[in-house]
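Grab a pencil and work through these short exercises with the model open beside you. Each one gives a task and then a step-by-step solution.

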Amino acid sequence: MSSDSNTPGGSARDGAFHAVVQASPFGMHLYRLEPDGRLVFVGANPAADRILGVANAQFVGRTIEEAFPPLVATEVPARYRAAAGQGLSWRTEQVAYQDDRIVGAFEVTAFQIGPGEMAALFQDITERKRAEVALAQEKERLSVTLRSIGDGVISADVAGRITLMNRVAERLTGWTAAEALGRPVGEVLRLVDQATRAPLPDPVARVLAVDGATELPARTLLVARGGAELSVGDSGAPIRDDQSRVIGVVLVFRDITERERLDEAERRNQRLESLGLLAGGIAHDFNNLLSGLFGYVDLALEACHEPEVVRDYMTSASSVLNRAKGLTHQLLTFARGGTPVRRAVDLPQLLRETTRFALTGAPIQSVLDVAPDLAPVHADPGQLGQAIDNLLINAKQAMPGGGRVEVSARGLAPGAPRPADLLPGRRYVVIEVRDHGTGIPPEHLPHVFDPFFTTKQSGSGLGLASVHSIMKKHGGAVEVSSEPGRGACFRLYLPAHEAEVSAAPPGATPSDFTGRTVLVLDDEDYLRDVAGAMLRRLGCDVVLVRDGAEVAPASRLARQQGRPLDAVILDLTIPGGMGGRRALEELRRVEPAVAALASSGYSEDPVIATPASYGFHGSLRKPYVLEELRAALAKALAAGG
């Protein structure tokens with residue numbers, strides 16, 4: 001190797017350069033190309049000895065083939081000569097294996113340093129090569145794992161562009177990994193809401209927003225590239241580096257179409273089984289009620305010449321009918337929701353009457369505790385009474401040998417714990433029904449409000465389900481707590497009535513209906529006859545029609561006869577004919593001020609809940625008794641003028 005010793009400072013530079021070479025962590029070999037073409041080893045620095053594991057000084061003056069026999073059969077000597085003689089630089093890697101393990105590796109770079117002179121730099125890359133092999137093996141294991149997973153897997157960077165996709169994801173989306181690479185996730189993984197068909201938010205953005213694992217909402221569809229649709233379940237999680245920084249997102253999704261089909265079939269079978277249980281329970285209960293009713297009526301007919309005996313039997317028959325009415329309302333409330341007809345309800349009176357009725361004849365002591373400043377609740381008194389009655393019956397059944405039931409009512413204090421369903425800032429009243437019976441096992445507590453769930457041999461499982469349905473329809477909630485052997489406590493949360501409750505002034509509603517003309521619309525002959533008989537009992541003239549199309553003509557005829565209609569009671573549902581709502585619209589053209597009552601056996605009809613919104617002055621839910629008809633008619637006439 002030549003040096004510029006004639007240049008000022010040249011010797012100093014040569015000395016510094018020599019020191020750098022000797023201290024360098026990179027190994028260095030120097031070669032000289034002789035005129036006869038031999039490439040002769042000149043020298044090496046200490047790092048070369050260390051990297052190659054030999055004392056290179058012993059090879060000085062020898063050709064490269066003599067110094068390193070293993071290189072004879074390789075291209076190294078020729079490449080070195082080309083570098084020395086022609087200035088052609090060259091780079092290669094040399095790796096030594098033992099039993100398929102890397103025992104040494106170095107990188108060589110050969111280059112000309114002067115005419116006929118060359119150097120070879122060595123860098124120990126053993127650890128790097130081992131790391132590359134380990135990484136390749138890890139990637140292969142990951143690839144095998146991804147190919148073996150039965151779920152689709154897509155990974156994306158923080159910008160939402162796909163960086164990896166396995167074969168299942170290819171099959172489900174209709175995109176190959178090569179096509180999907182670099183595309184936005186939303187373009188490949190098209191997710192829509194099954195009900196609305198609206199696109200769902202970008203899953204990558206969802207994961208990044210919560211900075212944690214997320215799942216798809218239920219009823220999600222994947223729209224594949226070819227248009228096929230699959231029900232899918234999905235989860236996503238952030239990918240973090242070794243410093244916990246989020247560098248991407250992994251999405252895992254699976255085809256659950258078949259599972260949903262099987263689940264729906266199972267739900268359908270459960271519904272059919274439940275309907276069978278329900279039908280059996282209803283048939284049993286109504287059969288018992290009909291047996292009592294027929295028995296009392298038959299006995300009354302036999303004793304028709306004994307008025308007091310007949311009265312007793314008919315009173316008993318009326319009691320049975322009230323139980324049948326309650327069962328019907330309970331079924332309607334459970335099955336169709338039963339829109340509540342809400343008003344301000346005085347709880348103390350309702351609780352006293354319901355408790356006395358439900359516990360009559362049972363060896364149960366009742367304790368009623370009502371806060372003196374208790375606000376009225378905004379509720380349907382019939383449905384609320386039914387809910388409390390169901391809880392009391394449940395308490396009575398939990399204490400077959402007798403015991404004590406505690407019923408209390410109080411306002412929900414501001415800031416007190418409340419169910420999540422309740423609206424913040426609104427006043428609520430809490431009713432508690434506590435028994436001291438057998439209690440509810442912990443495994444049953446989550447299911448007590450499920451339809452048809454019961455542990456009683458004679459139960460239908462509708463009572464507590466109806467309570468839950470009633471509370472939900474009222475904008476309230478129901479909770480239960482219990483310990484086996486220590487009884488159970490049910491809590492009903494109901495909205496307080498916000499408006500002032502004022503009593504109607506004396507004489508505000510009529511009580512004498514003599515001379516009033518009332519029209520009844522109903523498609524059932526016996527219901528028209530019963531309603532007509534009740535109205536005549538109240539002193540009314542009666543007009544009976546079976547179809548809404550007859551209402552307006554009947555009104556004109558009554559006016560011509562000098563007895564214009566004062567009120568109408570219109571059945572809302574006339575199969576195959578005109579119902580009460582449309583009939584009232586036509587009647588208003590003839591009698592704009594007539595008092596109108598809506599009547600129906602379908603408690604979910606919104607007209608029954610809010611009759612004023614549809615032009616009526618009140619409503620009557622079937623079946624009704626004489627006193628209910630009297631009160632409704634009086635209010636309607638007072639409101640209609």
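**Exercise 1: a pair in one helix**

E627 is partly exposed at a relative accessible area of 49%, where partly exposed sits between buried (under 20%) and exposed (over 50%), using a 1.4 Å probe and protein chains only. Before you start: this is a predicted model, where local features need pLDDT of at least 70, side-chain atom pairs count only at pLDDT 80 or more, and totals for chains, interfaces and linings use all residues. Residues are numbered from 1 along each chain as its sequence is written, and side-chain values use heavy atoms, with hydrogens and water left out.

Task: find which side chain meets E627 in a salt bridge.

Step 1. Recall the cut-off: a side-chain nitrogen of Lys or Arg within 4 Å of a carboxyl oxygen of Asp or Glu.
Step 2. R630 fits, at 3.2 Å from N to O.
Step 3. Both residues lie in helix α19 (residues 626-640), three residues apart, about one turn of the helix; helices are DSSP runs of H or I with at least four residues, strands E runs of at least two, numbered from the N terminus.
Step 4. R630 is partly exposed too, at 30% relative accessibility.

**Exercise 2: a pair across the chain**

Task: work out which parts of the chain R128 and E93 link.

Step 1. Their closest N and O atoms are 2.9 Å apart, a salt bridge.
Step 2. R128 is in helix α5 (residues 126-148) and E93 in strand β3, 35 residues apart, so the pair links distant parts of the chain.
Step 3. Both belong to a salt-bridge network with R91, E107, K129 and E132.
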